[in-house]
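Me: I would like a close look at a single part of the chain below, set in the context of the rest of the model. Please keep to what can be computed from the atoms.

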Amino acid sequence: MPSVLADTVVHLILTEPAYSGQTLLERAVSVTADLDSGRTACTDPFTALHMAAKGDVEAMRFLADQAIRRVLAGQEAAPLITLHEGAMFARMAAAASDDPGEHILVALILAMTANLNPEDATTYAAEMVARLELVAEGDSPLGEQMAQLVASNLGREKAETMALAKEYRARILAAKEAN
């Protein structure tokens with residue numbers, strides 16, 4: 001595994017209960033079944049795309065969530081493309097919002113991508129580390145949880161990943177401050 005932290009995050013997605021005792025994978029399959037059966041309606045992705053293009057953070061988050069859900073539910077023939085698209089919407093939502101959850105969404109997508117594409121895992125893992133560190137430094141309820149997750153795994157990350165994470169963190173902060 002190219003990234004210990006990415007491996008840990010993916011393990012959490014697949015094995016740790018998050019929603020009423022369901023793992024994120026089980027939740028994705030459940031939501032997909034509800035959508036497919038018509039028991040649940042969702043926003044039309046074309047409408048969400050239009051709204052995201054106009055700066056709607058909720059629409060950006062919806063499209064990023066959809067990417068994760070569809071990949072976890074096995075609905076994508078090319079999961080890397082879907083995750084790249086989802087990561088872009090999640091990055092846009094994180095840039096437009098002060099909500100630390102937006103950084104965590106990016107981190108989840110990057111963790112999944114790193115595990116699907118080991119050749120480029122260092123860059124995915126580095127951005128994931130940078131975003132989780134930003135959440136860990138914040139004063140949100142998620143901050144302490146992310147601090148523990150990061151602290152328990154960073155010592156095992158490659159030096160190359162950590163150096164790149166430091167650069168990405170500085171660039172994310174600089175971009176936020178410039179706007």
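Is Ala-175 buried, exposed or partly exposed, and what is its relative accessible area? Please also describe the helix that holds it and how the other helices pack.

Reply: The model is a predicted one. Ala-175 is partly exposed, because its relative accessible area is 40%, and the limits for that class are 20% and 50%. The residue lies in helix 9, which spans residues 159-178. A distant part of the sequence comes into view here: Ala-95 is 80 residues away from Ala-175 along the chain, yet their C-alpha atoms are separated by 8.4 Å.

Another position in helix 9 is Lys-166. Lys-166 counts as exposed, because its relative accessibility is 64% and the exposed class begins over 50%. Its C-alpha atom is 8.6 Å from that of Val-129, although the two residues are 37 apart in sequence.

Val-129 leads to the packing of helix 9 against helix 7, since Val-129 is among the helix 7 residues that meet helix 9. The axes of helix 7 and helix 9 come within 8 Å and cross at roughly 55°. The two helices are therefore oblique to each other; an angle over 145 degrees would be needed for roughly antiparallel, and one under 35 for roughly parallel. The crossing of helix 7 over helix 9 is right-handed. On the helix 7 side, the residues in contact are Thr-122, Thr-123, Ala-125, Ala-126, Glu-127, Val-129, Ala-130, Arg-131, Glu-133, Leu-134 and Glu-137. Helix 9 contributes Glu-160, Thr-161, Met-162, Leu-164, Ala-165, Tyr-168, Arg-169, Ile-172 and Leu-173. Sorted by class, this contact has eleven nonpolar, three polar and six charged residues.

One residue of that contact can be followed individually. Thr-122 sits in helix 7, residues 121-137. Thr-122 counts as buried because its relative accessibility is 14%, and buried means under 20%. Leaving aside residues up to four places away in sequence, Thr-122 touches Lys-158, Glu-160, Thr-161 and Leu-164. Of these, Glu-160, Thr-161 and Leu-164 are also listed on the helix 9 side of the contact.

The wider chain gives the setting. It has nine helices and zero strands, so the order along the sequence reads α-α-α-α-α-α-α-α-α. Of the 179 residues, 43% are buried. Among contacts with a separation of 6 or more, 65% join residues 24 or more positions apart. The accessible surface is about 9,400 Å², and carbon and sulfur atoms account for 56% of that area.

Helix 5 takes part in two further packings. With helix 4 (residues 57-72), helix 5 (residues 79-96) has an axis approach within 8 Å and a crossing angle of roughly 155°. Helix 4 and helix 5 are therefore roughly antiparallel, and the crossing is left-handed. From helix 4 the contact involves Val-57, Met-60, Arg-61, Leu-63, Ala-64, Ala-67 and Val-71. From helix 5 it involves Pro-79, Thr-82, Leu-83, Gly-86, Phe-89, Ala-90, Met-92, Ala-93 and Ala-96. By class there are 13 nonpolar, two polar and one charged residues in the contact of helix 4 with helix 5.

The second packing is with helix 6 (residues 100-116), where the axes come within 9 Å and cross at roughly 160°. Helix 5 and helix 6 are therefore also roughly antiparallel, and their crossing is left-handed. The helix 5 residues in this contact are Pro-79, Leu-80, Leu-83, His-84, Gly-86, Ala-87, Ala-90, Arg-91, Ala-93 and Ala-94. Those of helix 6 are Glu-102, His-103, Leu-105, Val-106, Ile-109, Leu-110, Met-112, Thr-113 and Leu-116. The contact of helix 5 with helix 6 divides into 13 nonpolar, four polar and two charged residues. Pro-79, Leu-83, Gly-86, Ala-90 and Ala-93 of helix 5 appear in both contacts, with helix 4 and with helix 6.

Met-112, listed in the helix 6 contact, also gives a link to the start of the chain. The C-alpha atoms of Met-112 and His-11 are separated by 9.9 Å, with their positions 101 residues apart along the chain. His-11 belongs to helix 1, residues 4-15, and counts as partly exposed because its relative accessibility is 43%.

Note on methods. Residues are numbered from 1 along each chain as its sequence is written. This is a predicted model: local features need pLDDT of at least 70, side-chain atom pairs count only at pLDDT 80 or more; totals for chains, interfaces and linings use all residues. Side-chain values use heavy atoms; hydrogens and water are left out. Helices (H or I, at least four residues) and strands (E, at least two) are DSSP runs, numbered from the N terminus. Buried means under 20% relative accessible area, exposed over 50%, partly exposed in between (1.4 Å probe, protein chains only). Contact means heavy atoms within 4.5 Å. Accessible areas come from the Shrake-Rupley method with a 1.4 Å probe; for residues, only the protein chains shown count as cover. Axes are lines fitted to C-alpha atoms, for helices over the stretch in contact, and angles run from 0 to 180 degrees between N-to-C directions. Angles under 35 degrees count as roughly parallel, over 145 as roughly antiparallel, 65 to 115 as roughly perpendicular and the rest as oblique. A crossing is left-handed if the near helix is turned anticlockwise from the far one by less than a right angle, and right-handed if clockwise. Ala, Val, Leu, Ile, Met, Phe, Trp, Tyr, Cys and Pro count as nonpolar, Asp, Glu, Lys and Arg as charged, and the others, Gly among them, as polar.
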